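Visitor: I should like to learn how to read the features of a protein model. May we go through them in turn?

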Amino acid sequence: MTDVWQGNSLNLDASRVIDRNIYVDPKIYAAERDQIFAHTWQWVAHESELPELGDYVTATVAGRPVVVARGDDGALNAFFNTCTHRGAMLAVHPRGNSGGSFVCMYHAWCFDTEGKLMSAPMDEAYGDRLEKACYDIPKVRMETFAGNIFISLAADVAPLETFLGQAGPYIEMFTGKHEAIGRVRWTLDGNWKLWHENFRDNYHPMYAHVAIGVNYQGVTIQGTNHDIAQGHSLLAFPAQGNGDPNRIGSVIRKVTGKELGAPPPPGPTVAANADDNRNLILAVFPNLDFQHSPVGINHNLLQIVRPLGVDKAMVEIVVFGEKGESAEVRQARLETSLDGQTAAGKISGDDTEAVRRCAGGFGAVREVRWSNMDRGQSPGDDGAKNDEYSLRAFYVAYKQYMGQALEGVG
Amino acid sequence: MAPDVKEAASSAAPASLSTLIEERALTALIHRAARLADERLYLDWMALFTEDGGYSAITFENAAYSGLYLFKDVGRRALHMRAAFLMGLWQAPRGKTLHLVSNIEISLGVGGESATAVSNFLITRTPDMEHSKLHACGVYYDRFQKQDGAWLFADRKVVVDTNVLPPEFTELL
């Protein structure tokens, strides 16, 4: 079957281009909600964020409001966040404690932490026709992996561990012995895929991020870029620099006209994983990313991007700490983990801007329709750090999920 | 019943002149930091901090729950790095900001060489070719130290009211 992106004006194989219409077309976005977000496992929370009985988190997946709650028996339950009486959402905060039941603010119908209807006020007015079992809130399929809580709106999605495939062992390494120590959210002025692509793209850092570019000047870049199947991918690279501690100082001096002072004494350190001491960026189809850095205190971060529309998205970043780590390390983690991250970060501030500029540039989609995704010419699934095997892995899966929805676009 | 303003005023202990002078100086410092941020005079802003001074920001949610900072700059070198990012290392563009600071409550320390303040802030931002928008609001928690007769920030912790940051959030808060 001919690939829908064959015949592009860049004269490249269809697997090596992107049709920019997928970032701006509302029909494509609607299809993504139904065919991707409603048919994949979606990360919602880490179990450590719901430690107490009655704790809950909320999320919206493919437009559906969902609540995950820890019940009296300690078990986690996921159900739709809607009262079966008239529809009001039962929980409106990102996280909280229900006190053991969810009482609708509208008519005080009360549900337990599994979503079962417990009581409705003044129910004698219904005579004998209020069959409570008919008003239990439908459960949402939920599984956990390495402490991460995922939900799936579809019954036909493979079990979570199968869905994660080769990504699984890495996720175990990043979050299996850890606890979440905080979240930050920010919005993007652009399509959700632009953010997820940014994680799979290691061509940009030395150009988009001036401080990183300085560090890489004169360095032969090491590292690898892997398609690990099922739409997932992995970037792996050693900590690199040009070995000149004065280089960043010279850039600062050039920008500010002042000498940068001496660096402070080093903070606490945590031993890197003996089995794998590389920087790792794991992208899980379609919208989940993990970052692991063995430098310093061994950082582990998770980011999930959720669409808010075809041209708007929200990113959530979750920081992990190791269970039982020292107070000194935990405090250092709380103070330093996000310095480069979020819309306020020294790195992600630029990535967020790159998304905004791409979204603006897509205004010319009719005249400039195709984006290049051709870096790395070796056959197979693996290439150099700044090749694009990882990006292409995403779009192989994307096309499989989207199917005919991509036909006739543009 | 409405309070008896006249009675309340007459029963309040008169503040000493020196206290008023110090509070006025600290208020001026807070206003000066806002002005320098808006005028993008980042090195001058940096000079309002002690050599080991700190500047940090945290969301309202994380201030209450976990203590996870957006960033925490400690010491002149870290502030210098931030100034450099604001002056060009960030490719994210600067917008025109306007800082408004109010509800300032100052507590002078014993000995007159230190003080703390809590104040509310509101920042608007005006990008090129767009209307002005509310950028951020929240609370400043400041610690001050007097050095060579002048007040400086020993620490400024910014708690932003939002739990969802806007896309462009690299401005000085």
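Guide: The following turns go from the overall build of chain A to its sheets, a helix, a loop residue and the contact with chain B.

Guide: This is a predicted model, in which local features need pLDDT of at least 70, side-chain atom pairs count only at pLDDT 80 or more, and totals for chains, interfaces and linings use all residues. Residues are numbered from 1 along each chain as its sequence is written, while chains are lettered from A and ligands numbered from 1 in the order in which they are written.

Visitor: How many helices and strands are there in chain A?

Guide: Helices (H or I, at least four residues) and strands (E, at least two) are DSSP runs, numbered from the N terminus. Chain A has ten helices and 20 strands. Its radius of gyration is 23 Å, close to the 22 Å that the globule rule gives for 410 residues, so chain A is as compact as a globular protein of that length. Here the radius is taken over C-alpha atoms, and the rule is 2.2 Å times the number of residues to the power 0.38.

Visitor: What does the domain assignment give for chain A?

Guide: Domain bounds come from an automatic or database domain assignment. For chain A, the assignment gives domain 1 (47–145) and domain 2 (166–406). The C-alpha centres of these two domains of chain A lie 36 Å apart.

Visitor: In what order do the strands of a sheet stand, for example in the open sheet of three strands?

Guide: Two strands pair if DSSP finds at least two bridges between them. In chain A, the order is β2-β11-β10, with antiparallel pairing. The edge strands of this sheet are β2 (42–46) and β10 (141–145) of chain A, each pairing on one side only. Four bridges join β2(A) to β11(A) (residues 148–152), and A:Trp43 stands opposite A:Phe150 in β11(A).

Visitor: Which strands form the open sheet of nine?

Guide: The order is β20(A)-β13(A)-β14(A)-β15(A)-β16(A)-β17(A)-β18(A)-β12(A)-β7(B), and the pairing is mixed. β20(A) and β7(B) stand at the edges, each with a single partner strand, so one side of each is left without a neighbour in the sheet. Within this sheet, nine bridges join β12(A) (residues 178–188) to β18(A) (residues 312–322), which run antiparallel. The bridge partner of A:Trp186 in β18(A) is A:Val315.

Visitor: Which residues of helix α3 of chain A are buried?

Guide: A residue is buried if 20 or more other C-beta atoms lie within 10 Å of its own, exposed if 12 or fewer, and partly exposed in between, with C-beta atoms placed from the backbone. In α3(A) (residues 168–175), A:Tyr170, A:Ile171, A:Phe174 and A:Thr175 are buried. They cover an arc of only 105° around the axis, which puts them on the same side of α3(A); the arc is that of the directions from the helix axis to the C-beta atoms. An α-helix has 3.6 residues a turn, so residues three or four places apart point the same way.

Visitor: Is A:Ala133 buried or exposed?

Guide: A:Ala133 has 7 C-beta neighbours inside 10 Å and counts as exposed. This residue lies in the loop between β9 (117–119) and β10 of chain A.

Visitor: How many residues of chain B are in contact with chain A?

Guide: Two residues are in contact if their C-beta atoms, placed from the backbone, lie within 7 Å. By this criterion, 34 residues of chain B are in contact with 34 residues of chain A. The largest share of the side of chain B that touches chain A, ten residues, comes from α5(B).
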